[in-house]
Each structure stands twice: as structure tokens, then as C-alpha cells.
Amino acid sequence: MPHSPINSVEAPPVADDPKPAVAGDEAAAGVFDRARWNNRFAGLPAAFGTRLAPTPLPSPYFVAASAPAAASLGIDPRELIESAAIEVLAGNRVPAGARPMAAVYSGHQFGVWAGQLGDGRAHLLGGVETADGVVDLQLKGAGRTPYSRMGDGRAVLRSSIREFLCSEAMHGLGIPTTRALAIVGSDQPVIRETVETAAVVMRMAPSFVRFGSFEHWASQNRVDELRALADHVVDTFYPACRDAADPYQALLAAVTERTARSIVQWQSVGFCHGVMNTDNMSVLGLTLDYGPFGFLDGFDAKHVCNHTDERGRYSYANQPAVARWNLYCLAEALMPLIDDVDRAEAAVAPFKTLYTDGMAASLHAKLGLVEERDGDSALIDALFALLQDGRTDFTIFFRRLADLGWGTDEPPRPGRSVRDLFVDRERFDAWAVDYRARLMQEGREAGATRVAMRSVNPGYVLRNHLAEAAIVAARVGDFTEIERLSRVLQRPFDDQPGAERYADLPPAWAGSLEVSCSS
Ligand code: AMP
Ligand code: MG
């Protein structure tokens with residue numbers, strides 16, 4: 001297997017068209033062979049990656065599939081459990097029409113230039129035509145590539161389940177994200193802190209291009225490749241930028257806008273990414289590369305979900321500033337094309353306002369407020385001080401707030417009111433008086449406010465302990481909890497009778513769960 005040294009700055013050689021691990025024959029043809037492939041990323045110059053087939057996974061078995069993700073591809077999910085599909089999902093057979101490759105990129109990791117990285121354990125099979133445009137399909141965990149460095153090219157079942165559940169949960173929350181079509185597993189051992197087993201996730205996105213994809217060419221002064229990548233991204237995803245006086249400046253401004261919007265959404269549901277390195281930042285503003293992510297349980301602005309992040313660089317509260325820092329890395333990478341520091345600065349500078357205004361609007365919506373008035377920020381600051389001091393559950397607080405005694409004939413059930421979440425109830429009551437008074441200033445009818453609040457404050461998020469329960473069951477061959485949980489997370493804003501336990505406070509043992517970069 002080809003293997004480049006760690007942080008090599010040389011692009012690896014490009015192989016000839018890879019031989020499929022097992023030749024795709026007519027008899028074995030399945031749903032992926034019938035897809036209309038459009039391998040537009042593979043059409044970029046050869047230096048953008050290495051063409052190679054995935055490494056076969058021994059005796060693969062089906063673990064899970066997302067019915068809505070399948071539907072978005074025009075696939076009947078039942079087709080994914082056919083052996084022809086499983087062989088493709090495992091990387092054991094390359095479907096007719098696919099052109100598998102691993103892409104090269106670089107990036108800043110934890111604020112430090114890390115040099116060359118790349119798809120160390122991901123194979124882009126290619127793009128398929130769908131009703132919503134071309135969607136790239138990638139196998140994550142399908143073996144080593146020239147960018148694997150010291151890694152084994154594999155992903156463990158645990159992290160694959162977490163990625164599968166969270167990408168589909170984020171989609172359910174309406175947050176831009178890569179998606180996950182299916183997982184297959186194998187008994188093949190994979191060594192992490194302990195011996196685990198291998199799995200492969202097929203993930204989907206219009207593009208997996210990262211900020212680090214641009215940094216890669218800029219760091220090597222390869223302006224032709226940099227321009228080719230920028231042109232590909234503009235023409236394919238940001239066509240309006242082509243009409244701007246400087247399309248590359250317009251691209252930077254557009255990526256800034258999308259990134260700000262996504263970060264507002266993350267903060268609004270308490271999502272912590274965990275590893276916001278520039279190689280994990282999508283140029284489409286998608287949530288990308290699910291590793292040690294987490295959702296806030298008890299509110300703590302300083303929460304660090306990644307156990308490996310000892311200095312808390314990627315804490316919840318730091319995410320907006322880190323996104324901005326990453327955008328400046330992208331701006332620097334685009335300098336050879338924009339060629340004017342002030343114009344690049346002008347494209348990125350709006351991030352602060354976009355984020356601040358977006359967050360203010362989002363918090364107003366979460367509180368059921370339509371208008372923005374003087375005094376609102378004091379009300380919001382007081383609330384966050386209250387949540388912080390009480391480590392109040394972030395999701396449950398906002399979900400229950402809609403029931404604070406208006407627009408519903410149902411009295412709150414004992415033990416389930418928003419007030420019950422606080423130890424210092426007098427302090428909450430004092431805040432609630434101000435809040436109610438503020439709500440009364442709104443022209444909206446109370447019932448409508450309640451409906452609006454429940455449409456933005458989810459009842460269900462992928463808490464670590466919920467993922468853990470699905471993982472524990474899957475390790476002994478029971479995949480039903482993945483299925484149940486993913487169905488609940490597909491409709492996070494709906495009350496789902498029978499699924500109440502997924503909306504409950506985390507159990508005491510959840511506090512001892514640790515997630516790290518090990519995946
Ligand atoms: P991450 O922090 O997960 O974004 O990974 C950083 C880089 O390491 C990426 O280029 C990954 O492709 C690569 N990588 C992570 N885990 C592995 C692995 N087990 N085998 C090969 N490459 C890996
Ligand atoms: Mg990554």
C-alpha cells in the first residue's frame with residue numbers, strides 16, 4: 001500500500017485507474033451500479049488526489065441505513081441490505097461508473113500549521129445525480145491511502161455509529177451537514193485504546209472540499225491548482241460569484257456568510273464540534289467530520305466536548321471565534337487570487353456582524369420574541385448567567401420554556417415544568433417575571449408563540465449517553481437501538497409519544513463519558 005511520510009509537502013503520485021477490489025460484474029449489479037455517476041471532483045487535475053480503490057473489508061454485515069438519506073438519492077433503503085450494495089458499502093466492490101480517489105488537503109490543527117493531510121481513511125467513490133443535484137459519495141474507514149500517515153485507514157464501529165447518528169440528527173435539526181447513508185461493520189479488529197471492530201460509513205455531500213483544500217495549494221505556491229479549485233467551487237456551488245468584479249473575493253464573502261449561519265445554528269442547539277481544524281471546515285458551510293462532538297447537557301459556556309483538547313481551544317463559547325480564525329486562514333490561502341489584503345479583509349470582516357445579528361435573531365426566536373427591543377440583551381444575559389450558574393439543561397430548558405403557563409390549557413406536569421430545572425427557583429422566578437412582561441409586549445397570540453418556540457427548540461438531540469447506548473447494543477450485534485434513535489432524531493421538534501426517555505435529562509453516568517479524537 002502506498003504511504004507518504006507524515007506531513008510530506010509533495011503531492012503523491014497519481015495511480016492509473018484503480019482496479020476494483022472485486023471486479024463489478026453484471027450479475028452483482030446493485031443500486032450503486034444503476035446510479036448516474038458524475039465524477040466532477042475527479043475531473044480536477046491529477047495532483048488533487050490519488051486514484052485508488054478501497055481496501056476490502058472482510059465479511060461485512062449491514063448495521064444501519066438512513067431512510068431519508070436514501071430517499072434523497074432516490075434509493076429504496078431496502079436495496080441497501082442487498083449483498084450487491086453491502087459489497088459496495090464495505091469497499092469490496094467498486095460500482096460501475098464510480099471513480100474512487102482520495103483527495104489531498106492540508107490544514108491548521110489546534111491553531112498550528114500541520115502541513116499536508118488528506119483523505120487518510122476516506123475514499124471518494126464519485127458523484128451521483130439526484131433530484132437535488134450531484135451528491136458525492138464517500139466511504140469513511142475503507143482502508144489506507146497515501147495520506148494515511150501513521151493511521152490504519154480504518155474507523156471503528158463506535159465512531160461510525162456516532163457519525164451516522166449525528167449527521168442525520170443535524171439534518172433533522174435543519175443544520176447544514178454532510179449526511180450518512182449507511183454503515184456496514186466487520187469483525188476485523190481495529191486497535192485504538194482498546195481492541196475494537198471496523199466499520200465503514202458511506203457519507204454524502206455536494207462536496208467535501210475544505211478550507212484546508214485551498215490552504216494546501218497556497219502553502220506550496222501552486223497558484224494554477226489554487227485557481228482550478230476556486231473555479232471548481234465557484235462554478236459548481238457559488239455561480240453567482242462569477243458575476244462579481246472579483247469572483248474569488250465574492251467566494252470568500254459567500255463562504256463567510258454560510259459559515260456564520262451554520263455556527264449560529266450550532267450555538268443555538270448547543271452543538272460542539274470538538275475539532276474545528278481548518279481541514280474539518282467545509283467550504284459549503286456544512287458540518288463536517290464528526291469525531292469527538294457533543295451536545296450541551298447542563299449549560300456551560302466553557303464546555304469542551306473533546307477530551308483530547310486540554311486547553312479548551314474548541315470549547316462551546318470559542319466556536320464562533322475559531323470559525324472566524326479559520327476564515328482568516330482561508331482568506332490568506334486565497335490571497336494569490338484576490339491579491340489585495342483590504343479586499344480579502346472586506347470579505348471576511350462581516351463574520352462578526354453576521355454571527356452577532358444571527359445569534360440575536362436566533363435567541364429571540366428561541367425565547368418566542370419576534371421584535372428586538374431595548375433591554376432584550378440584559379434579559380438574555382441574565383438568562384445565560386442563570387443557566388450557567390445552575391448548569392441547567394440547555395435543551396430541556398428551552399423546550400419547556402414554551403410551556404411557561406400560556407397558550408396551553410394543560411397545566412405543567414409536576415416535576416416537568418421549566419421551573420423544576422432550577423435549584424435556585426427564586427432567582428428563576430425573578431427572571432421569569434421580567435420575561436413574561438417582555439413577552440406581553442409582543443403582539444402575537446400566546447398559542448402562536450408556543451408553536452413558534454417549539455419549532456425552533458428541539459426536544460431531542462444526540463446526547464452522548466444516547467449514542468453510547470446504541471453503541472453498547474451494537475457491539476453485541478443488536479442494531480435496533482441505532483434504528484430507533486435515528487428515527488427519533490429525524491423529527492427533533494415533534495413530541496413523539498413513547499420516545500420521552502430520549503428527551504430526558506442525562507443519567508448520572510453520562511457525566512463520566514469521555515470522547516476523544518480516537519476514532
Ligand atoms: P481528523 O482529526 O479526524 O479530522 O483527522 C485528521 C487527519 O488524520 C485526516 O487527514 C484524516 O484522514 C487522518 N486520519 C484520522 N484517523 C485516521 C486513520 N485511522 N487512518 C488514517 N488516517 C486517519
Ligand atoms: Mg478531518
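Tutor: Before we look around this predicted model, one term: a cavity is a set of grid points where a 1.4 Å probe fits but cannot get out, and its lining residues have an atom within 4 Å of a point.

Student: Okay, so which residues lie nearest the centre of the largest cavity?

Tutor: Phe-41, Ala-103, Phe-208, Val-209 and Ser-213, out of 16 lining residues. The volume there is about 140 Å³, and the structure holds five cavities of 30 Å³ or more.

Student: What makes the other space, the largest pocket, a pocket?

Tutor: A pocket is an open set of points, whereas a probe in a cavity cannot get out. About 840 Å³ of space lies in the largest pocket. Its lining has 33 residues, with Gln-109, Arg-121, Arg-149, Cys-517 and Ser-519 nearest the centre.

Student: Why do you say the largest pocket lies between domain 1 (22-208) and domain 2 (212-361)?

Tutor: Because both domains give residues to the lining of that pocket.

Student: And what kinds of residues line the largest pocket, by class?

Tutor: An even split: eleven nonpolar, eleven polar and eleven charged.

Student: Where does ligand 1 sit?

Tutor: In that largest pocket. The test is that more than half of the ligand's atoms lie within 2 Å of the pocket's grid points, so ligand 1 passes it.

Student: Which residues around ligand 1 come nearest?

Tutor: Of the 17 around ligand 1, they are Gly-118, Gly-120, Asp-152, Gly-153 and Asn-280. By class, that shell has two nonpolar, seven polar and eight charged residues. Each of domain 1 (22-208) and domain 2 (212-361) supplies at least three of the shell residues.

Student: Why is the pairing of Arg-121 with ligand 1 called a polar contact?

Tutor: The cut-off is 3.5 Å between N or O atoms, and a side-chain N or O of Arg-121 is 3.3 Å from a ligand nitrogen, so the pair counts. Arg-154 also qualifies, through a backbone N or O atom 3.3 Å from a nitrogen of ligand 1. Arg-192 uses a side-chain N or O atom, at 3.4 Å from a ligand nitrogen.

Student: How much of ligand 1 does the protein bury?

Tutor: Taken alone, ligand 1 exposes 480 Å², and the protein buries 80% of that.

How values were computed. Residues numbered from 1 in each chain as written. Chains lettered and ligands numbered in written order. Predicted model: local features only at pLDDT ≥ 70, side-chain atom pairs only at ≥ 80, totals over all residues. Heavy atoms only, no water. Near = heavy atom within 4 Å. Polar contact = N/O pair within 3.5 Å; in protein donor to acceptor, adjacent residues only side chain to side chain. Areas by Shrake-Rupley, 256 points an atom, 1.4 Å probe, with all protein chains shown as cover. 1 Å grid on protein atoms, 1.4 Å probe; cavity = no way out; pocket = protein on both sides within 12 Å on 5 of 7 lines; lining within 4 Å. Nonpolar A, V, L, I, M, F, W, Y, C, P; charged D, E, K, R; others polar. Domains from an automatic or database assignment. Points joined across faces, edges and corners; volume = space filled by probe spheres on them.
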